[in-house]
Amino acid sequence: VIKCKAAVAWAPGKPLSVEEVEVAPPKAGEVRIKLVAAGICRTDEHLLQGCFPKAEFPVIPGHEGAGIVESVGEGVTSMKPGDKVIPLCHPQCGECSFCRNPESNFCKKSHFSELQNLLPDKTSRFSCKGKQIHHFLWVSTFAEYTVVPEYTVAKIDAAAPLDKVFLFGCGFSTGYGAAINTAKVKPGSTCAVFGLGGVGLSVVMGCKAAGASRIIAVDINKDKFAKAKQLGATDCINPQDFKKPIQEVLTEMTGQGVDYSFEAIGHADTMIAALASCNMSTGMCVMVGELDSGSEISIDPTLLLTGRTWKGCVVGGWKTRECIPKLVSSYLEKKFNPDLLITHTLPFAKVNEGFELLHAGKSIRTVLLF
């Protein structure tokens with residue numbers, strides 16, 4: 001058992017508490033990882049507010065990180081102590097019908113299908129002050145050490161800088177893949193991206209890489225426009241500057257609506273606006289943001305009747321264990337630069353400060369260093 005520091009959420013709506021926790025050794029098929037860096041993503045904020053579906057408290061949040069394998073359980077063959085790895089918030093078990101389908105990146109082990117508050121054997125590897133602490137998405141990266149199933153870990157190139165590639169665990173991969181894999185953005189097309197956080201800006205990067213000729217970035221925080229333009233946005237608009245709905249503004253700007261729209265916020269009203277802003281016949285809207293637990297959307301069905309496509313997207317459509325290491329290799333070859341998404345670096349003990357930067361709209365990605 002390792003004693004180490006972790007950020008524990010004892011109850012919804014309360015600040016995180018940095019505590020000494022005990023981390024049990026990995027059981028069969030599990031890996032214990034020493035985290036080097038973790039990112040603060042808005043999904044962690046959903047959890048802390050009590051809006052994440054079926055999560056249980058007390059819990060160690062965090063689902064974006066990178067580290068080094070400390071030890072492995074019986075039967076683990078794909079990695080060994082000392083390997084650099086990224087824990088994955090979306091597994092790839094390799095055995096379910098979805099994993100065996102080359103067109104799917106879903107996995108039946110994901111949190112959409114089974115609870116990930118405890119490890120697959122329904123026990124926790126974390127305890128604090130004699131109490132069991134829950135896992136989050138099986139990864140819980142807000143801890144110096146974490147234990148995860150082997151099929152939720154990607155072994156990456158030994159040359160990868162862990163304080164940068166943690167982004168591939170969620171933010172960058174999700175946004176970039178939404179454009180490249182899910183939408184399959186075509187060269188010369190027009191795109192609209194709703195929300196310019198780490199995921200939305202990664203969508204902008206994906207649209208640019210795919211050869212989109214016009215990328216319209218939409219956000220109510222004008223401070224994010226300079227970064228969006230740096231990463232490839234051609235236009236930046238604030239819905240609050242207009243008296244008419246943003247979908248009408250986008251349709252007027254483009255003549256018939258955009259070819260592809262992406263919602264990277266997770267609000268019902270912006271989901272509908274994104275859908276309505278794309279071309280009524282051949283337009284595609286990709287849902288990237290995660291809505292609060294229990295949310296419902298009501299839409300006018302004629303939005304889809306005329307031919308629009310509305311698609312969902314999990315971790316950018318990548319088969320995670322297989323594709324994240326390849327993405328990291330492409331990053332080392334300088335094919336893209338998600339480093340630009342990292343706006344703040346904090347010691348792990350200042351995790352609550354990182355969330356304050358997120359609330360204030362001042363950060364894109366804050367990296368916590370252990």
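Is Lys335 buried or exposed? In this predicted model, Lys335 is exposed, with a relative accessible area of 57%. The legends below begin with this residue and its salt-bridge partner.

**Figure 1. The salt bridge between Glu333 and Lys335.** The closest N and O atoms of Glu333 and Lys335 are 3.1 Å apart. Lys335 is exposed because its relative accessible area of 57% is over the 50% limit. A search of the whole structure finds 13 salt bridges, and further examples are given in Figures 2 and 3.

**Figure 2. The salt bridge between Asp121 and Lys27.** The side chains of the two residues meet with an N to O distance of 3.0 Å. The pair links distant parts of the chain, 94 residues apart. Asp121 lies in the loop between H2 and E6, while Lys27 occupies the loop between strand E2 (17-23) and strand E3 (30-39). Asp121 is partly exposed, with 36% relative accessibility, and Lys27 is also partly exposed, at 40%. Both values fall in the partly exposed class because buried means under 20% and exposed means over 50%.

**Figure 3. The buried salt bridge of Arg125 and Glu30.** The closest N and O atoms of Arg125 and Glu30 are 2.8 Å apart. Arg125 lies in the loop between H2 and E6 and Glu30 in strand E3, so the salt bridge ties together parts that are 95 residues apart in sequence. Both partners are buried. Salt bridges that share partners join Lys27, Glu30, Asp121 and Arg125 into one network.

**Figure 4. The surroundings of Arg125 in the loop between helix H2 (97-100) and strand E6 (126-128).** Arg125 counts as buried because its relative accessibility is 2%, below the 20% limit. The side chain of Arg125 makes a polar contact with the side chain of Thr123, at 2.7 Å. Leaving aside residues up to four places away in sequence, Arg125 touches Glu22, Val23, Ala24, Pro25, Lys27, Glu30, Leu119, His135 and Val147. Among these contacts are Lys27 and Glu30, both members of the salt-bridge network that includes Arg125.

**Figure 5. The polar contacts of Thr141 with His63 and Glu64.** Thr141 is found in the loop between strand E7 (131-133) and strand E8 (145-149). The relative accessible area of Thr141 is 0%, so this residue is buried. The side chain of Thr141 reaches the backbone nitrogen of His63 at 3.2 Å. A polar atom of this side chain also lies 3.2 Å from the backbone oxygen of Glu64. With residues up to four places away in sequence not counted, Thr141 touches Leu35, Ala38, Pro61, Gly62, His63, Glu64, Gly65, Pro87 and Phe370.

**Figure 6. Backbone geometry at Phe57–Pro58, Lys129 and Ser140.** Most residues other than glycine have a negative phi, and most peptide bonds are trans. A cis peptide bond joins Phe57 and Pro58, with omega about -5°. Pro58 is found in the loop between helix H1 (42-48) and strand E4 (65-72). Lys129 has a positive phi of about 55° although it is not a glycine. Its place is in the loop between E6 and E7, and Lys129 counts as exposed, at 62% relative accessibility. Ser140 has a positive phi near 45° and is found in the loop between E7 and E8. Ser140 is buried, with a relative accessible area of 0%.

**Figure 7. The interface of domain 1 and domain 2.** The domain assignment gives domain 1 as 2-169 + 338-369 and domain 2 as 172-314. The contact takes 18 residues from domain 1 and 17 residues from domain 2. The C-alpha centres of the two domains lie 28 Å apart. Between them, domain 1 and domain 2 bury about 1600 Å², 60% of it on carbon and sulfur atoms. Leu340, Leu341 and Ile364 supply 32% of the area that domain 1 buries against domain 2, more than any other three residues. Across the interface the rule finds zero salt bridges, but seven residue pairs are in polar contact, with both residues at pLDDT 80 or more. The side of domain 1 that touches domain 2 has ten nonpolar, seven polar and one charged residues.

How values were computed. Residues are numbered from 1 along each chain as its sequence is written. This is a predicted model: local features need pLDDT of at least 70, side-chain atom pairs count only at pLDDT 80 or more; totals for chains, interfaces and linings use all residues. Side-chain values use heavy atoms; hydrogens and water are left out. Domain bounds come from an automatic or database domain assignment. Contact means heavy atoms within 4.5 Å. Buried area is the accessible area (1.4 Å probe) that two parts lose on being put together, summed over both. A salt bridge is a side-chain nitrogen of Lys or Arg within 4 Å of a carboxyl oxygen of Asp or Glu. A polar contact is a pair of N or O atoms within 3.5 Å; within protein, one must be able to donate a hydrogen and the other to accept it, and residues adjacent in sequence count only if both atoms are side-chain atoms. Ala, Val, Leu, Ile, Met, Phe, Trp, Tyr, Cys and Pro count as nonpolar, Asp, Glu, Lys and Arg as charged, and the others, Gly among them, as polar. Helices (H or I, at least four residues) and strands (E, at least two) are DSSP runs, numbered from the N terminus. Buried means under 20% relative accessible area, exposed over 50%, partly exposed in between (1.4 Å probe, protein chains only).
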